[in-house]
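Subject: Structure handover

Hello,

Here is the structure I said I would pass on. Please open it alongside this message and read the notes with it in view.

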Amino acid sequence: MTINPEPIGGLGFRVRQDCINKVKAARKTAMMKMGKKNQETFAYAIQIAPSTLSSFLNGKNVALGTFQQICQSLDLNWEDIADRPNNPITPPVPQSSTTSISILSPDMSIKYPEGPVALDSNFYLDRSPKEQDCYREISKHGALIRIKAPEQRGKTSLLIRILYQAQTNGDRTVYISLKEADNQCFTNLDKFLRWFCATVSRKLKLENRLDEYWEDDISCNMRCETYFEEYILPEIGQPLTLGLDEVDRLFAYPDIYGDFFGLLRYLHEEARRENIWQKFRLVLAHSTEIYVPLDINRSPFNTGFPVDLPEFNSQQITDLAQKHQLNWGEKEVTQIMSMIGGHPFLVRLALYHIAREDVSLDNFLQTAATDSGIYSKHLHRLMSALEKQPELLAAMREVAKLNRPLQLSAEIKFKLQAMGLVKITNDGVIPSCELYRQYFQNF
């Protein structure tokens, strides 16, 4: 039996009444296998909205693609349990050329938007001319590029594209996220620099020769510099472009960040004096303004080529909707931006679920800031992070409840900005979008 996707406005697919007990038993089995204690966490694990999974389990209509996805997760043959109304409703042809409608069938090949956008993905949007500027800059001797944007705004996606361009230019490239380092790596500067050098060696597939170059009678920074200058750069025989992601993590370690950032600045400046360092290019990605004390003469954050990543604008969201096979016009784009602005991840997640017909645009707007909406997992993660820093949570609650900008200390406002929760204006801090205003007003 072959069932074709329903047209817009169709009644969807549902579990046959005589199969409901069967699918609920399959859900219990799948939850046990995945170690999920409740239905909500199971729903997130299979990338389905909890309300949609509940509808499926109770014999209510869901979109074909979603129906198939849930069945696959439950190890069920969807054709064996599907019950489709015989007379689906066919929508009227829109009379106005300005009316926008969705595609007739959801594209189930669309991947869940998680992590950086792959190099070959059709869903990466250039924020011209920033990419072209970065590609030109990274070809220069001793280049230093600084990418700044709050969390989930596309820093890593741009970083990996810069590294790819450098590789195309003939460079060896290394990507390191400071999230890769465990806590013991931050015990002191010597331990951190050994981890740093060892990681670069490993990713270049070079033998670890730290003990040979780590002399006791010179400074930690000089040991690191010597390791690169006398071993790594001569050994690879090519320019090296190093991408350092999540460098904000160092801000929590005052015994490390000052000297390490000073080293990066020094190596960048060495390219003007030493030929060997002309072959070293550096890309830094960070989420916030620098709120820790740094000597301006030893900081890499006030030199090199700065890149601030903005949110998506309405035209970019329109283009991205088309990539999701959604025929949206100004009305729909304005509606979605009224809730989440141009936040890249939030936009991608909304388009993903709407394109797959997990949720309608109207339902999305009604439930976005609730525990039944598609952002529930995202909002819970943010709340969990804030609860670990009570001063941030208290500040965010106050920002959400006020109808005017709020003045906050530099450290608190920059930390909230790094999380993407607020925007900093001349008059103070405001929520970065309506989603966060609504959600944190309730806490």
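The notes below go from the whole chain to its helices and then to single residues.

**The chain as a whole**

Please keep in mind that this is a predicted model. The chain holds 20 helices and nine strands. Its C-alpha atoms fill a box of roughly 80 × 50 × 45 Å along the principal axes. Of the 443 residues in the chain, 51% are buried. Contacts often link distant parts of the sequence: among those between residues at least 6 apart, 72% join residues at least 24 apart.

**Two packed helices, and one covered helix**

Two packed helices are described by the angle between their axes and the distance between the axes. Helix α8 covers residues 189-203 and helix α10 covers residues 220-236; they pack at about 15 degrees, and their axes are 9 Å apart. An angle under 35 degrees counts as roughly parallel, so α8 and α10 are roughly parallel to each other. Their crossing is right-handed.

Which residues meet where these two helices pack? From α8 come Leu189, Asp190, Leu193, Phe196, Cys197, Val200 and Ser201, and they meet Cys220, Asn221, Arg223, Cys224, Tyr227, Phe228 and Ile232 of α10. Sorted by class, this contact has 10 nonpolar, two polar and two charged residues.

Just before α8 in the sequence is Asn188, placed in the loop between β4 (172-177) and α8. Asn188 has a relative accessibility of 35% and counts as partly exposed. Its C-alpha atom is separated by 8.6 Å from that of Tyr253, although the two residues are 65 apart along the chain.

Helix α11 runs over residues 254-270. With 17 residues, α11 reaches 25 Å from its first C-alpha to its last, close to the 24 Å expected at 1.5 Å a residue. Most of α11 is covered, with 13 of its 17 residues buried.

**Three buried residues in helices**

The residues in this part are Ala26, His353 and Gln417, and each one sits in a helix of its own.

Ala26 belongs to helix α1, residues 20-34. Is Ala26 buried or exposed? Its relative accessible area is 12%, and the cut-off for buried is under 20%, so Ala26 is buried. Setting aside residues up to four places away in sequence, Ala26 touches Leu74 and Leu76. Between the C-alpha atoms of Ala26 and Arg356 there are 23 Å, and the two residues are 330 apart along the chain.

His353 is in helix α15, residues 344-355. It is buried, with a relative accessible area of 4%. Not counting residues up to four places away in sequence, His353 touches Gln47, Tyr112, Asp358, Val359 and Ile374.

Gln417 has its place in helix α19, residues 410-418. At 15% relative accessibility, Gln417 counts as buried. Which residues is Gln417 in contact with, leaving aside its neighbours within four places in sequence? They are Pro150, Ser287, Thr288, Glu289, Val422 and Ile424.

**Backbone points in the loops**

Most residues other than glycine have a negative phi, and most peptide bonds are trans. Three places in this model are worth setting against that background.

The peptide bond from Ser128 to Pro129 is cis, and its omega is near 10 degrees. Pro129 is in the loop between β2 (82-83) and α6 (130-137).

Gln152 has a phi near 60 degrees, a positive value in a residue other than glycine. You will find Gln152 in the loop between β3 (144-148) and α7 (155-168). Gln152 is partly exposed, with a relative accessible area of 31%.

Gln325 also has a positive phi, near 60 degrees, and is likewise a residue other than glycine. Gln325 lies in the loop between α13 (314-323) and α14 (330-340). Its relative accessible area is 36%, and Gln325 is partly exposed.

Regards

Definitions and conventions: Residues are numbered from 1 along each chain as its sequence is written. This is a predicted model: local features need pLDDT of at least 70, side-chain atom pairs count only at pLDDT 80 or more; totals for chains, interfaces and linings use all residues. Side-chain values use heavy atoms; hydrogens and water are left out. Helices (H or I, at least four residues) and strands (E, at least two) are DSSP runs, numbered from the N terminus. The expected span of a helix is 1.5 Å times one less than its number of residues. Buried means under 20% relative accessible area, exposed over 50%, partly exposed in between (1.4 Å probe, protein chains only). Contact means heavy atoms within 4.5 Å. Axes are lines fitted to C-alpha atoms, for helices over the stretch in contact, and angles run from 0 to 180 degrees between N-to-C directions. Angles under 35 degrees count as roughly parallel, over 145 as roughly antiparallel, 65 to 115 as roughly perpendicular and the rest as oblique. A crossing is left-handed if the near helix is turned anticlockwise from the far one by less than a right angle, and right-handed if clockwise. Ala, Val, Leu, Ile, Met, Phe, Trp, Tyr, Cys and Pro count as nonpolar, Asp, Glu, Lys and Arg as charged, and the others, Gly among them, as polar.
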